[in-house]
Amino acid sequence: MSPYDQLAGLDLPTLQVLEAALALGGLVTEAEVSALVGADAMPYLQRAADAGLVARLRGRLAVNGILRDVFARPLGVGPSVGQLAAVLNVDDLKVVASNLGLPTKGRKADLLEAVAEFFLDTDNVNGLVKRMPKATRSVLEEADRDAGRIRRYGGSGIAHRSRYPSRYRQVHPLDWAEEHGLVYRVTWEDYQLAGQVALALRGADYRAPFEQQEPPVAWHTPDPAAVRRDAQAQGIAVVGLLSALLDGAGREPLATVKAGGVGVRELTRTARTLGVTVSTIRLLLAVAEEAGLAELDGRVVPTAAYDRWLKLGLGRRLAVMLKAWRDLGYLPSSQTGPWAPDYDEAWSARARMATLRALGDRATTDLEQVAQWMWWRQPLAFGAATTVRGLLEEATTLGALGAGAISPASQALLAGKDLAEAVGDLGEVARTARLQADLTAVVIGTPGPELAELLDAVAIVESRGTATTWRFSPATVRGAYDAGWTEQRLTKALTKIAEGGLPQPLLYLLADVARQHGSVRVAPAASTLVSDDTALLAQICADKRLDKLNLRLLAPTVLASQAATADTMAALRKAGYAPRQQNADGRDVIERARRHRA
């Protein structure tokens, strides 16, 4: 296992102890770390040592350097003296060593080691802080509040300033700190306060954050039957939701925004239509895209794979969704803007498995407590407690959790076993509906594609869950007639899927709407021909030379033409007729020859 994997498995107090050790310079004693966190740090240091992240070195504990990838500024302080002093030349190191009461002879490496060793002793650092000038302390305390950075023109080096003092040079409070190794110039204009010094400036009462107590969780022993039942019910519901989402996208593809992805407004509209949260829509879209059931290419549309997926049993459909969720390279629940696939969070797939693995054989009814507890146990595996909560909600939505415990499907995900077998038999898709006198249709379970398509054509979804309810209304029935259904065909189709026949109120509704439907008809006409000479209009209508006008007799004295007025006039004249043009008010239009001028 790599050191990074070892880090991801450490709990919060162990990481806090390691952060405190890094802030002290990374080469510490157990007593120094314990004093900083205000508790016995030894068990946590030992845990880190067992993971290969701490080792013995010269009677001290050395923290593995990869921790600096995690804690760039441990406890908000900068690098240690051992890191910063390396920028000094030999002459400057000699000045610092002399002011600290250290030997000034030897190579640069010897001087550097001596200065670094001096600052590893917290008593030495505290002694320096106590005797520094008041003005210097004020500057350094202000620097600690400002991430340890101090902006000041650098000027000449420490040795040069000490060797050639000038009575004209104004002494700066930072000079004393630089000459005693408390700050180091990192750019021409920037100084950095050493990490150990920043901690000492905070005073003897300062304690590093240390959350030793494990967050409480109200655990209980899961009932396998209840877990399976709840997970399967949720699985049936989410399969139905994905079907409804992609069926809708098949009729009207989800629009995308210019920046790419499905915008928040479209997500909200879709969520409202399906009666779920926007987070659920994000999850369904992510799973559908990962499984190849939908494609995001300007719009979100279902693919041919979706049609094949619809032919699978419910259990196999859910297995496809769970596998796609496991492999997702991002967290849909953490997205806030437009939804779009984002593969920059590959760690999320491991985090999903870590979430399921952490639950083990326990169950709970409080997911918020569990989220805090999981994050406390493995902060680096998740990043934030809100991430854990999002993962738990995703797992619940997909039936990976049931009754607050991991489902058989989750156990298969963790063990790499056959998912469809673990999901089990979720029953057949529903092919019939209960049509009720209150003009609703209720389908228990997941409706089959043909059933859903029929009911969507003639009614509107009112609620979803373990059962889906559609409601008939004059508007929805009229929509079906507008789409080409007839009363006879619709009655026959509904009778075929109805449990117990059609209720009388629904029959009355179908007949009433059919009776009114088409009583007023609208047909396109670009221009009309009007004449009192009915024989002439009949002749014009029958004239083969005018077929391109698509003339239609609306009344004995009125012909409709699908061609524009100018085109109709030209065609009539070419055929030897003498039409006269009128405007929309029925007044004659006088045509004048156009006179062109240069």
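Start by selecting residues 254-255, 294-297 and 299-302 in this predicted model: these are strands 8, 9 and 10, which form an open sheet in the order 8-10-9 with antiparallel pairing. Strand 8 and strand 9 stand at the edges, and each has a single partner strand, so one side of each is left without a neighbour in the sheet. In general, the strands of a sheet pair through backbone hydrogen bonds, either in the parallel or in the antiparallel sense.

Keep strand 9 and strand 10 highlighted, and follow the four bridges over which they pair in the antiparallel sense; along this pairing, D297 stands opposite R299 in strand 10. Then add residues 224-251, which make up helix 14. Helix 14 lies across strand 8, strand 9 and strand 10, and its direction makes an angle of about 110° with strand 10.

Next, move to another open sheet of three strands, this one with the order 4-6-5 and antiparallel pairing. Its edge strands are strand 4, at 149-151, and strand 5, at 183-185, each of which pairs on one side only. If you look at how the strands of this sheet are turned, neighbouring ones differ by 30° on average when direction is ignored.

Select strand 5 together with strand 6 (residues 190-193), and you will find three bridges joining them in the antiparallel sense, with R185 standing opposite Y191 in strand 6. Adding residues 134-145 brings in helix 10, which lies across strand 4, strand 5 and strand 6 and runs at about 120° to strand 4.

From the sheets, go on to a pair of helices: select helix 26 (residues 474-482) and helix 28 (residues 504-516), which pack at an angle of about 60° with their axes 10 Å apart. Helix 26 and helix 28 are therefore oblique to each other, and helix 26 passes helix 28 in a right-handed crossing. To see the contact itself, show the side chains of P474, V477, R478 and Y481 on helix 26, and of L509, L510, V513 and A514 on helix 28. By class, this contact has seven nonpolar residues, one charged residue and no polar ones.

Finally, zoom out to the protein chain as a whole, which has 30 helices and 20 strands. Its C-alpha trace spans about 125 × 85 × 35 Å along the principal axes. The radius of gyration of the protein chain is 40 Å, whereas a compact globule of 598 residues would have one near 25 Å.

Methods:
Residues numbered from 1 in each chain as written. Predicted model: local features only at pLDDT ≥ 70, side-chain atom pairs only at ≥ 80, totals over all residues. Heavy atoms only, no water. Axes fitted to C-alpha atoms, helices over the stretch in contact; angles between N-to-C directions. Helix = DSSP H or I, 4+ residues; strand = E, 2+ residues; numbered from the N terminus. Parallel < 35°, antiparallel > 145°, perpendicular 65-115°, else oblique. Left-handed = near helix turned anticlockwise from the far one by under 90°. Contact = heavy atoms within 4.5 Å. Nonpolar A, V, L, I, M, F, W, Y, C, P; charged D, E, K, R; others polar. Pairing = 2+ DSSP bridges. Rg over C-alpha atoms; globule rule 2.2 N^0.38 Å.
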